[in-house]
Amino acid sequence: MLRIENLSFMVDEEGTDKEIIRDLSLTLEDNKFIAVTGPNGGGKSTLARLIAGIEKPTSGKIWFNDTDITDMSVTERAKLGISFAFQTPVRFKGLQVLDLIRLASGKRNMPAADACLYLSEVGLCARDYINREINASLSGGELKRIEIASVLARSTPLTIFDEPEAGIDLWSFQNLIQVFGRMRETIQGTIMIISHQERILNIADEIIVLANGTVTRRGTKEILPELLKEGAAAAVCDRFE
Amino acid sequence: MNIDPIQLRILQEVAGLHDTPDGAFNFRFDGKSAGRNSTENIKITSKTDKSGIDIHIAPGTKHESVHIPVVLSESGLKEAVYNDFFIGDDCDVTIVAGCGISNCGGEDSQHDGIHTFHIGNRCKVRYYEKHYGEGDGMGKRILNPVTEVFMAEDSYMEMEMAQIKGVDSTVRKSDAHLGQGSSLVVHERLMTHGIQNAVSEYNVYLDGDGASANVVSRSVAREESEQTFISRLYGNAQAHGHSECDSIIMDDARISSIPEVVANCPDAELIHEAAIGKIAGEQIIKLMTFGLTQEEAEEQIVNGFLK
């Protein structure tokens with residue numbers, strides 16, 4: 001279980017403090033598929049980075065399974081069981097897909113055949129990709145799938161996806177929906193997915209709306225029609241525009 | 001043949017050998033020939049006018065290899081060795097060179113290997129050269145290789161050059177002359193650390209129509225080491241040349257990358273790319289989200305880059 005208490009995060013913007021996350025409190029239950037949505041600039045990605053430890057909060061606490069992780073490094077949190085799929089996956093010259101999956105899984109000697117299963121899971125023909133370098137020759141959609149495969153290989157109690165739909169074409173995303181659908185079925189831990197996509201929100205156990213750095217709405221997919229109707233929901237669907 | 005443990009370790013490092021290899025070979029340990037084998041198609045003979053060997057590969061030789069590793073384990077030894085390869089037409093061969101120095105003494109050890117390749121028509125040659133140094137003595141480990149390649153029509157050569165560890169000073173000079181339809185691919189990997197200094201200079205002459213060259217260098221400079229990469233491509237015919245130098249700079253290291261492309265023919269197409277930069281912070285963070293420490297992440301990124 002992840003518990004966030006009175007979390008705030010401020011940045012210095014041209015000499016003035018800007019509050020990105022405002023006194024945010026939130027609990028994510030175990031084995032749930034939770035979608036976080038809301039307008040751009042509302043603090044969703046910052047919240048994800050605060051949970052992963054990439055950013056440090058100005059104040060507040062983060063607890064993971066009753067351990068205070070607020071002052072823990074990215075590495076320590078990863079070892080405790082938090083995974084984070086980046087919105088913009090990172091390229092590595094020289095490192096191959098197999099290397100990345102092995103590093104992610106923590107099994108340096110993982111057989112290539114096992115690593116291939118994760119690639120197949122995200123709809124990539126494993127044979128064509130397993131020895132590819134993670135460099136500029138891969139498209140945004142391919143990188144995104146490899147990023148998702150790498151966090152699947154980690155299989156941790158908490159996995160955070162930061163806008164998996166960002167930067168990929170609609171056709172690729174149609175297939176990715178199925179990947180998340182399967183994840184939803186075979187859930188082994190909590191999945192927190194930041195998304196603007198109605199089809200993702202539709203398969204979530206819970207939807208959390210984040211705006212102006214705080215939770216403005218929370219509920220099951222029952223709230224989706226209201227969200228889509230309300231003016232605030234225009235931003236939810238801005239990717240369709 | 002007697003191989004002591006230090007020599008064996010260095011042989012493993014530079015040539016991946018645990019014993020004498022199949023096929024032709026010439027082992028040179030501490031300035032002396034330590035073992036040699038010629039085959040029906042590959043004849044190795046000592047030079048009579050200077051230190052070194054001639055390697056004659058008969059036309060049509062296919063799928064054979066030559067290993068010519070050099071080991072220096074005696075502190076203070078300095079040598080210049082000339083190895084000339086004469087490769088007949090229509091060959092398909094692999095050549096493994098490489099030099100390792102173990103210097104635990106106070107005097108400098110130095111090996112200057114001068115390799116010349118005369119590659120026949122339609123040949124396919126793979127050349128691997130790895131340099132390695134070890135030992136905690138004050139004496140420096142110095143390697144100054146010179147490689148000169150003459151490629152006849154429609155020949156192909158692939159060169160893998162690696163110097164990953166322990167060489168204090170190196171000045172590497174590689175020249176290639178490409179005939180009609182010939183193709184050269186070079187992959188260089190270099191890592192320097194401590195106060196090491198490395199200079200690598202390529203001069204590629206695209207002399208024949210249809211010739212092509214691709215020179216790719218990847219290097220990592222750590223601590224207070226210095227590197228200089230000079231790449232010159234001369235387009236003297238309707239040919240294609242590409243060189244790429246990609247470097248990771250760390251700590252207080254210094255890197256200089258000096259490209260030059262010279263077109264002496266209007267149909268020559270020449271491209272140079274050079275980039276120097278630190279490891280991207282996002283790369284380190286990504287691997288930290290897998291549970292690696294910052295140091296482990298950097299090591300993985302560097303190892304991958306130089307793989």
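These exercises, each with a worked solution, walk through a predicted model.

**Exercise 1. The nonpolar cores**

Find which residues have the most contacts inside the largest nonpolar core, and which helix gives the largest share of that core.

*Solution.* Start with the core itself: the largest one has 83 residues, and I51(A), A149(A) and I160(A) have the most contacts inside it. Next, turn to the helices. Helix α6 of chain A, residues 140–154, supplies the largest share of this core with seven residues. A second, separate core has 58 residues, among them I87(B), M161(B), L184(B) and A213(B). As background, nonpolar side chains in soluble globular proteins tend to be buried together.

**Exercise 2. A strand and its two neighbours**

Work out whether the faces of strand β9(A) are covered or open, and which strands pair with β9(A).

*Solution.* Step one is burial. Strand β9 of chain A spans residues 158–162, and five of its five residues are buried. Step two sorts them by side: L158(A), I160(A) and D162(A) lie on one side, T159(A) and F161(A) on the other, so both faces are covered.

Step three is pairing. Strand β6(A), residues 82–85, runs parallel to β9(A) and is joined to it by four bridges; here S83(A) has T159(A) as its bridge partner. Strand β10(A) also runs parallel to β9(A), with five bridges between them, and L158(A) has T190(A) as its partner there.

Step four looks at one residue of the strand. Leaving out residues up to four places away in sequence, I160(A) touches A48(A), I51(A), A52(A), S83(A), F84(A), A85(A) and M192(A).

**Exercise 3. The two sides of a helix**

Check the length of helix α7(A) against its number of residues, then decide which residues are buried and which are exposed.

*Solution.* Begin with the length. Helix α7(A) covers residues 170–185, which is 16 residues. At 1.5 Å a residue, counting one less than the number of residues, the expected span is 22 Å. The end C-alpha atoms are 23 Å apart, which agrees.

Now the burial. L176(A), F180(A) and M183(A) are buried in α7(A). They cover an arc of only 50 degrees around the axis, so they sit on the same side of α7(A). The general rule behind this kind of pattern is that an α-helix has 3.6 residues a turn, so residues three or four places apart point the same way. On the other side of α7(A), W171(A), Q174(A), Q178(A) and E185(A) are exposed. Finally, ask what covers the buried residues: the cover includes β10(A), residues 190–194, and α8(A), residues 198–202.

**Exercise 4. An antiparallel group**

Describe how strand β1(A) pairs with β2(A) and with β4(A).

*Solution.* Take β2(A) to begin with. Strand β1(A), residues 2–13, and strand β2(A), residues 16–28, pair in the antiparallel sense over nine bridges, with M10(A) opposite E19(A). The hairpin of β1(A) and β2(A) has two residues between the strands, and E14(A) takes a positive phi near 50 degrees there. Then take β4(A), residues 59–64: it pairs with β1(A) over five bridges, again in the antiparallel sense, and L2(A) stands opposite F64(A).

**Exercise 5. Positive phi in two loops**

Place N65(A) and E163(A) in their loops, and say whether each is buried, partly exposed or exposed.

*Solution.* N65(A) is in the loop between β4 and β5 of chain A. Its phi is positive, about 50 degrees, although N65(A) is not a glycine. It has 13 C-beta neighbours inside 10 Å, and therefore counts as partly exposed.

E163(A) is in the loop between β9 and α7 of chain A. Its phi is near 45 degrees, a positive value in a residue other than glycine. With 24 other C-beta atoms within 10 Å, where 20 or more are needed, E163(A) is buried.

**Exercise 6. Where the chains touch**

Find how many residues of each chain are in contact, and which element gives the largest share on the side of chain B.

*Solution.* Count by chain: 18 residues of chain B contact 19 residues of chain A. On the chain B side, the elements giving two or more residues are α2(B), residues 281–288, and α3(B), residues 294–305. Of these, α2(B) gives the largest share, six residues. Sorted by class, this side of chain B has eight nonpolar, six polar and four charged residues.

Technical notes. Residues numbered from 1 in each chain as written. Chains lettered and ligands numbered in written order. Predicted model: local features only at pLDDT ≥ 70, side-chain atom pairs only at ≥ 80, totals over all residues. Core = buried A, V, L, I, M, F, W, Y, C linked by C-beta atoms within 7 Å. Buried ≥ 20, exposed ≤ 12 C-beta atoms within 10 Å, placed from the backbone. Contact = placed C-beta atoms within 7 Å. Nonpolar A, V, L, I, M, F, W, Y, C, P; charged D, E, K, R; others polar. Arc of directions from axis to C-beta. Pairing = 2+ DSSP bridges.
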